[in-house]
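Please open the model in your viewer and keep the sequence panel beside it. The stops below are meant to be selected one after another, in the order given.

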Amino acid sequence: MTTAFNSQHDNALLECNNLSFAYQNQSILSNISFAISNKQFVGLIGGNGAGKSTLLRCLYRYLSPTAGDIYFDQQLLGAIDNRTLAQNIAVVVQELPNDFNLCAFDVVALGLVPYSTFFSSLSSSQHSQIIDALHAVGMFEKSRQGYETLSGGEKQRVLIAKAIVQQPKLLIMDEPTSHLDIKYQLEIMQLTKSLDMTVLASFHDLNLASAMSDRLLLLHSGELVANGEPAEVITNDNIKAYFDVEANVVSHPTGEHPMVIYDYQRLAT
Ligand SMILES: Nc1ncnc2c1ncn2[C@@H]1O[C@H](COP(=O)(O)OP(=O)(O)OP(=O)(O)O)[C@@H](O)[C@H]1O
């Protein structure tokens, strides 16, 4: 394995080449290859157990792939030092380890200061940045509340505020809207899109994924079975084959992306 860039995609910020992952002998991801260009918003979709979280965990280096290479910003992911990685990749996941009993404000502050200097004082401009980000996600009122005591949706909004101040090159989100009511789903997604970052986010809501994403990756049983624009991936055949339901894909009334209308009476036959 070499740390030299061996890309097949010149302007890729993130690239996976033949990535596989297994727990003991149980294969979870097989031979996954794709590239994400700078500033793209990419949605990751697939049924329960398809491997979405596992793939994302490999990409933010929580798990090590069993085979294959991941390149971030033209460097082998495994060769990037922890501090550089933490500055460049932000992660919004359901559960964040909270060993320090942090309040919402502190968690957002972690986006600005390395952990080692966390307890030194923030400059007044850093303080303002944090307050602005908490306002942007509607969490200013709860900024002194313990992170662990926040609701699932509130935690997700705080982690997005952290990403806003951190300004990473890549934002990885695992089901970022799963705990959000519809207003916050739309607000947080619009906010995320306005950040001018490269985003890779997993979704269960195919209509939200379709509306937000420039491109979609569709996983099924640990394999990447489709990779393209929403109209190429959200098709009647793919919904039936990979989600096991009957649906009719139409064009959203705005005409800009496909929309799935489910047949609530029938599973796929
Ligand atoms: N620690 C583990 N040991 C063994 N198998 C695991 C472990 N963690 C996850 N798996 C298995 O890996 C597969 C992929 O899980 P993963 O969480 O990546 O799927 P997912 O697409 O994110 O699913 P969901 O939509 O249900 O959240 C599942 O079959 C799961 O049971």
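Does G146 count as buried, exposed or partly exposed? G146 counts as partly exposed because 14 C-beta neighbours lie inside 10 Å, the classes being buried if 20 or more other C-beta atoms lie within 10 Å of a residue's own, exposed if 12 or fewer, and partly exposed in between, with C-beta atoms placed from the backbone. Before you go on, note that this is a predicted model, in which local features need pLDDT of at least 70 and side-chain atom pairs count only at pLDDT 80 or more, while totals for chains, interfaces and linings use all residues. Residues are numbered from 1 along each chain as its sequence is written.

With G146 still selected, you are in the loop between helix 4 and helix 5; helices (H or I, at least four residues) and strands (E, at least two) are DSSP runs, numbered from the N terminus. If you add M173 to the selection, the C-alpha atoms of G146 and M173 are separated by 22 Å, although the two residues are 27 apart along the chain.

**Helix 5 and its partners**

Next select residues 152-166, which make up helix 5. The expected span of a helix is 1.5 Å times one less than its number of residues, so the 15 residues of helix 5 should span 21 Å, and this agrees with the 21 Å between its end C-alpha atoms. Helix 5 is mostly covered, with 13 of its 15 residues buried.

Within helix 5, pick out V165, which is buried because 21 other C-beta atoms lie within 10 Å. From V165 to V108 the C-alpha to C-alpha distance is 7.3 Å, while in sequence the two residues are 57 apart.

Now show the neighbouring helices as well. Two packed helices are described by the angle between their axes and the distance between the axes. Here the axes are lines fitted to C-alpha atoms, for helices over the stretch in contact, and the angles run from 0 to 180 degrees between N-to-C directions.

Add helix 4 (residues 124-136), which packs against helix 5 at an angle of about 135° with the axes 9 Å apart. That makes helix 4 oblique to helix 5, on a scale where angles under 35 degrees count as roughly parallel, over 145 as roughly antiparallel, 65 to 115 as roughly perpendicular and the rest as oblique. The crossing of helix 4 and helix 5 is right-handed; a crossing is left-handed if the near helix is turned anticlockwise from the far one by less than a right angle, and right-handed if clockwise.

Then swap helix 4 for helix 6 (residues 182-194), whose axis comes within 11 Å of that of helix 5 and crosses it at roughly 10°. That makes helix 5 roughly parallel to helix 6, and helix 5 passes helix 6 in a left-handed crossing.

**Two residues with positive phi**

Most residues other than glycine have a negative phi, and most peptide bonds are trans. Just after helix 5, select Q167, which takes a positive phi of about 45°. Q167 is found in the loop between helix 5 and strand 7 (170-174) and counts as partly exposed, because it has 16 C-beta neighbours inside 10 Å.

For another such residue, go to D73, where phi is near 50°, a positive value in a residue other than glycine. D73 lies in the loop between strand 4 (67-72) and strand 5 (75-76), and with 18 C-beta neighbours inside 10 Å it counts as partly exposed.

**The ligand and helix 1**

Select the ligand together with Y23, I28, G46, N48, G49, A50, G51, K52, S53 and T54, which surround it; a residue is near a molecule if its C-beta atom, placed from the backbone, lies within 6 Å of it. This shell divides into three nonpolar, six polar and one charged residue, where Ala, Val, Leu, Ile, Met, Phe, Trp, Tyr, Cys and Pro count as nonpolar, Asp, Glu, Lys and Arg as charged, and the others, Gly among them, as polar.

The largest share of the shell, three residues, comes from helix 1 (residues 52-59). Helix 1 is mostly covered, since six of its eight residues are buried, namely K52, T54, L55, L56, C58 and L59. After helix 1 comes R61, whose phi is positive, near 65°.

As a last stop, select L219 in strand 9 (residues 215-220); L219 is buried, with 24 other C-beta atoms within 10 Å. L219 and A50 are 169 residues apart along the chain, and their C-alpha atoms are separated by 5.8 Å.
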